[in-house]
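Visitor: I would like a close look at a single part of this model. Please keep it brisk and stay with what the coordinates give.

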Amino acid sequence: MIQNTIKLSFVAFLLPGMLYAQNIKKLSLQEAIDLGISNSKNLRLSQSKIDEAVSKLASVKDNALPTANASFLYNHAEIPTNKLTIGGSDPIHLPNRADAFIGTAAVEQLVYGGGKLKYAEASTKLLTDVARLDADKNKEEVSYAVINTYYSLFKVLQSKKVVEQNLESIAGQLKQSQRFFEQGIVTKNDVLRFQLQQANVSLTEMEIENNRKVINYNLDILLGLDESTDIEISEPDNAIKPVSPLTSYLDLALSNRQELKQVDLQNKVADINIKSIQANTLPTVGVGANLYYINPSGKFIPLLISTLCQ
């Protein structure tokens with residue numbers, strides 16, 4: 001019984017540590033960026049906009065195809081009073097029932113519409129490219145937010161290490177001053193000064209820890225992790241990279257900024273929309289064929305056709 005109690009106590013002692021270990025996630029910077037991109041709700045919304053634009057493009061392309069429609073109608077009438085007498089004339093005998101079949105089929109093809117379909121397809125394709133650029137821009141924003149928060153957490157942890165070293169140094173100085181005070185070498189004020197310095201640094205440590213928790217929480221939200229997850233970051237690459245001339249960075253920004261590409265595409269969309277409005281004033285030419293089937297005899301296959309078949 002005593003052994004079982006000891007085993008249960010040992011498991012209960014290890015359980016909190018095991019649970020805490022499960023809430024620690026070690027991530028490199030690239031892993032954090034990939035995780036943030038895959039779990040970003042803004043990027044999912046951007047992807048839905050891309051899918052919507054692609055669907056509209058497919059719909060516009062379908063408008064250039066021939067259209068066809070068909071319909072069929074069956075009419076049935078019951079005639080309870082089938083004897084009709086008008087004045088003193090002979091009575092007219094009507095059938096007890098009447099059936100009729102009516103069918104229609106039509107095929108239409110637009111030959112010339114002033115270029116409206118062509119302009120609509122070009123405009124929709126450009127808007128699809130704009131949606132893709134918007135997704136790329138959101139991807140860059142998510143990456144920047146993850147990188148910024150990741151390095152903020154790194155700087156806080158480095159500050160915490162410095163404060164811990166200062167506390168360790170002050171603790172040694174305080175211990176030495178207390179020993180000197182007991183020997184009468186220093187005064188009580190000297191001991192109090194080290195105690196006050198220790199208290200101030202301890203407050204700084206508490207403030208840094210609170211900042212770490214806030215930054216860690218923000219990074220959890222960005223990465224789509226559980227809010228209680230403690231992120232353990234890897235040491236970033238501190239290698240010094242060569243600095244290029246300012247003009248190369250300007251050229252790189254002008255060629256890669258998604259906003260500038262979007263403005264260029266939107267200008268093209270505006271030009272196409274103007275041409276599409278002008279196309280509305282032009283005539284439209286189309287061809288079509290219609291087929292009608294009317295049979296009031298009450299039989300789906302007319303008598304004449306059935307007789308010829310025999």
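Which residues line the second largest pocket? Please start there, then show me the helices behind it.

Guide: This is a predicted model. The second largest pocket is lined by Gly-36, Asn-39, Ser-40, Lys-41, Asn-42, Arg-44, Glu-141, Val-142, Ala-145, Ile-221, Leu-222 and Gly-224. Its volume is about 200 Å³. By class, that lining holds 4 nonpolar, 5 polar and 3 charged residues. Three helices each supply at least two of the lining residues: α3 (41-63), α4 and α5.

Take α5 next. This helix covers residues 188-223. It has 36 residues, which at 1.5 Å a residue should span 52 Å. The C-alpha atoms at its ends are 52 Å apart, so the two values agree. Just after α5 comes Gly-224, with a positive phi of about 75°. Gly-224 is also one of the residues that line the second largest pocket.

Which α5 residues are buried? They are Val-191, Phe-194, Val-201, Ile-208, Glu-209, Arg-212, Ile-215, Asn-216, Leu-219, Asp-220 and Leu-223. An α-helix has 3.6 residues a turn, so residues three or four places apart point the same way. Keep that in mind when reading the buried positions. Not every one of them is a hydrocarbon side chain: Glu-209, Arg-212, Asn-216 and Asp-220 are among the buried residues.

Now cross to α4. Thr-149 sits in this helix. Is Thr-149 buried or exposed? Its relative accessible area is 14%, under the 20% cut-off, so Thr-149 counts as buried. Beyond its neighbours within four places in sequence, Thr-149 is in contact with Ile-215, Asn-218, Leu-219 and Leu-222. Leu-222 appears in the lining of the second largest pocket too.

Leu-153 also touches Ile-215 and Leu-219. Not counting residues up to four places away in sequence, its other partners are Arg-212, Asn-216, Ile-231 and Ile-233.

These contacts lead into the largest nonpolar core. That core has 21 residues. Val-146, Leu-153, Leu-219, Leu-223, Ile-231 and Ile-233 touch the most other members. Two or more core residues come from each of α2 (29-38), α4 (116-182), α5 (188-223) and β6 (230-233). The biggest share is from α4, with 9 residues. There is also a second, separate core of 6 residues, which includes Leu-126, Val-130, Leu-133 and Ile-272.

The largest pocket draws on some of these elements. Its volume is about 330 Å³. Of its 17 lining residues, Leu-157, Arg-212, Ile-231, Glu-232 and Ile-233 lie nearest the centre. The elements giving two or more residues to this lining are α4, α5 and β6. Helix α4 gives the most, with 7 residues. The lining of the largest pocket has 7 nonpolar, 2 polar and 8 charged residues.

Read the two pockets side by side. Arg-212 is buried in α5, is touched by Leu-153, and lies among the residues nearest the centre of the largest pocket. Ile-231 and Ile-233 are also among those nearest that centre, and both are among the core residues that touch the most other members. For the second largest pocket, α4 and α5 supply lining residues along with α3. Ile-221 and Leu-222 are included in that lining.

How values were computed: Residues numbered from 1 in each chain as written. Predicted model: local features only at pLDDT ≥ 70, side-chain atom pairs only at ≥ 80, totals over all residues. Heavy atoms only, no water. Core = buried A, V, L, I, M, F, W, Y, C linked by side-chain atoms within 4.5 Å. Buried < 20%, exposed > 50% of the residue type's maximum accessible area, 1.4 Å probe, protein only. Helix = DSSP H or I, 4+ residues; strand = E, 2+ residues; numbered from the N terminus. Contact = heavy atoms within 4.5 Å. 1 Å grid on protein atoms, 1.4 Å probe; cavity = no way out; pocket = protein on both sides within 12 Å on 5 of 7 lines; lining within 4 Å. Points joined across faces, edges and corners; volume = space filled by probe spheres on them. Nonpolar A, V, L, I, M, F, W, Y, C, P; charged D, E, K, R; others polar. Expected span 1.5 Å × (residues − 1).
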